[in-house]
Amino acid sequence: MTNRSKTEFRGFSGWFGHPSGLLGACACAALLAFSAGPARADFDLEPGDQVTVSLTGLADLSIDATIDAHGNVNLQWLGEFPAQGQSLDRLEQMVRQEAAGKIVKQYDTNGEIYIIQLDGDEIEITRNGYRPIIIGGDVARTGQIDFRPTITAREAVALAGGVRSRLLADDVTIDPIQLLRWQTAYGQAALQHAHGLAQIWRASTEILQDEDLPPPAPHQVKVSAKVLTELIEEQIKIRKINQENEAGERAFFEDAAEQATERESILEEQKFELGKALAADEEEEARVISLTERGLTAGSRLADTRRTTVLSATRLLEVEEDLAATGLVLTRLKRDREQYEQERTLRLLQERRAAGLEVRDASVQMDTISKYLAGASSEIGTEDLITDIDYEVTIYRVVDGQLQALPAEKLTRLLPGDSLDIAVQEVAGDVPLTE
């Protein structure tokens with residue numbers, strides 16, 4: 001996404017008025033309506049979004065464009081199209097319809113020109129940039145943040161350098177912004193630590209094929225029980241998907257082996273019958289040879305008998321070749337099945353090892369930050385400073401053409417173009433560092 005100049009600003013309350021005047025009686029309903037984040041896999045196009053138009057086999061004709069303030073996108077020789085409020089698929093459909101029948105001139109390696117008439121299916125449109133998120137209020141760095149799908153309010157705060165607190169005294173020698181950055185970093189490390197433990201548990205249950213292995217317990221992590229439960233449920237979903245894929249692979253091997261075994265049985269029966277037929281033909285040939293030598297039958301009968309014997313021997317040889325090939329197929333299937341199981345185990349071991357390294361790195365980071373936080377809290381004179389800081393999130397979003405202020409939670413997923421106002425508050429009681 002193209003970087004844009006960052007504009008520093010103070011909180012939003014001076015621009016939009018006090019949030020309470022906008023929310024009214026529907027504040028709770030609005031929170032429930034969007035706190036889980038967008039349900040769609042993608043978002044409709046709006047001014048500021050960036051798209052790329054590609055033509056199959058014509059890389060030189062690809063087009064990068066940005067949707068302008070009027071909601072249109074200029075795709076050069078393909079024309080200008082209304083894009084605001086359209087899905088990416090709908091825009092692609094409109095461009096394909098417009099491009100159908102257009103003539104494209106190209107030069108080959110010899111410098112000769114050739115003409116291509118488009119039918120529209122060669123065109124593919126992808127999104128390569130979203131409208132940025134604007135964050136202000138009690139954060140270390142106000143300004144723009146690049147949007148990415150599934151980004152949450154908490155992640156946006158972290159990208160803005162964490163929150164800054166008005167609760168800290170100005171004459172404290174410890175930099176309050178740095179202190180809060182340590183707090184944010186500790187929370188991220190704690191989440192990474194818990195995520196790694198959940199991954200190790202899931203990989204172990206798959207390696208041992210034992211779903212009764214106990215998952216990480218709350219006392220083993222520094223996140224809340226709710227977050228730990230969500231992490232474990234996520235790993236259970238991953239395990240279920242892996243099991244379904246593995247069941248499909250094993251079913252393929254079993255079906256193929258069953259078919260090959262059945263064919264092998266049929267060929268064995270054919271081989272037995274052809275063997276008996278060949279023995280009978282050879283016995284008949286020996287009898288005809290004896291009759292011919294004594295002059296009791298014509299020589300032409302001996303030639304016919306030998307042809308019959310050769311035909312039976314040929315058919316038996318073909319069946320034996322098919323039988324050998326089928327045996328080779330069974331051997332390869334067995335080898336491929338063993339290789340698949342080995343690769344599966346190796347993949348799970350690598351996942352568990354990577355998760356173990358993640359847990360180790362997070363533990364080291366948590367230990368280091370804890371020492372910084374302990375020293376800072378001691379100098380300031382309160383050991384509860386770390387857990388006494390919390391913040392509220394208000395999202396300003398255009399809904400049906402109207403700017404609305406919506407209360408949000410830290411895990412609320414953001415939309416392109418959202419504006420965030422972060423307000424630090426004091427909370428009572430002991431809360432987990434990672435919520």
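Select the buried residues of helix α4 together with what covers them: the cover includes the strands β1 (50-55), β3 (72-74), β4 (80-82) and β7 (123-129). The coordinates on screen belong to a predicted model.

**Helix α4**

Restrict the selection to residues 88-99, which form α4. This helix of 12 residues reaches 16 Å from its first C-alpha to its last, close to the 16 Å expected at 1.5 Å a residue. Now display the side chains of Leu-88, Leu-91, Glu-92, Met-94, Val-95 and Ala-99, which are buried in α4. Turn the view until it runs down the axis of α4: the buried residues fall within an arc of 160 degrees, so they line one face of the helix. On the other side of α4, select Asp-89 and Gln-97, both exposed. Continue along the chain beyond the helix to Gly-101, which follows α4 and has a positive phi, near 95 degrees.

**The sheet against α4**

Next, select β2, β1 and β7. In that order they make up an open sheet of 3 strands with antiparallel pairing. Its edge strands are β2 (63-66) and β7, each of which pairs on one side only. From one strand to the next, the twist averages 25 degrees. In general, strands of a sheet pair through backbone hydrogen bonds, either parallel or antiparallel. Zoom in on β1 and β2, whose antiparallel pairing extends over 4 bridges. One place to centre the view is Val-53, which stands opposite Ile-63 in β2. With the sheet still displayed, bring α4 back: the helix packs on the sheet and touches β1 and β7. The direction of α4 makes about 140 degrees with that of β7.

**Arg-202 in helix α6**

Move to residues 176-208, helix α6, and select Arg-202 within it. Is this arginine, Arg-202, buried or exposed? Arg-202 is buried, because its relative accessible area is 4%, under the 20% cut-off for that class. To see its surroundings, add Gln-235, Ile-238, Arg-239, Asn-242, Leu-348 and Glu-351; Arg-202 touches each of these residues, not counting residues up to four places away in sequence.

**Helix α7**

Finally, select residues 225-293, helix α7. How many residues does α7 have, and what distance does it reach from its first C-alpha to its last? Helix α7 has 69 residues and reaches 99 Å, close to the 102 Å expected at 1.5 Å a residue. The tour ends just after α7, at Gly-295, which takes a positive phi of about 75 degrees.

Technical notes. Residues numbered from 1 in each chain as written. Predicted model: local features only at pLDDT ≥ 70, side-chain atom pairs only at ≥ 80, totals over all residues. Heavy atoms only, no water. Helix = DSSP H or I, 4+ residues; strand = E, 2+ residues; numbered from the N terminus. Buried < 20%, exposed > 50% of the residue type's maximum accessible area, 1.4 Å probe, protein only. Contact = heavy atoms within 4.5 Å. Expected span 1.5 Å × (residues − 1). Arc of directions from axis to C-beta. Pairing = 2+ DSSP bridges. Axes fitted to C-alpha atoms, helices over the stretch in contact; angles between N-to-C directions.
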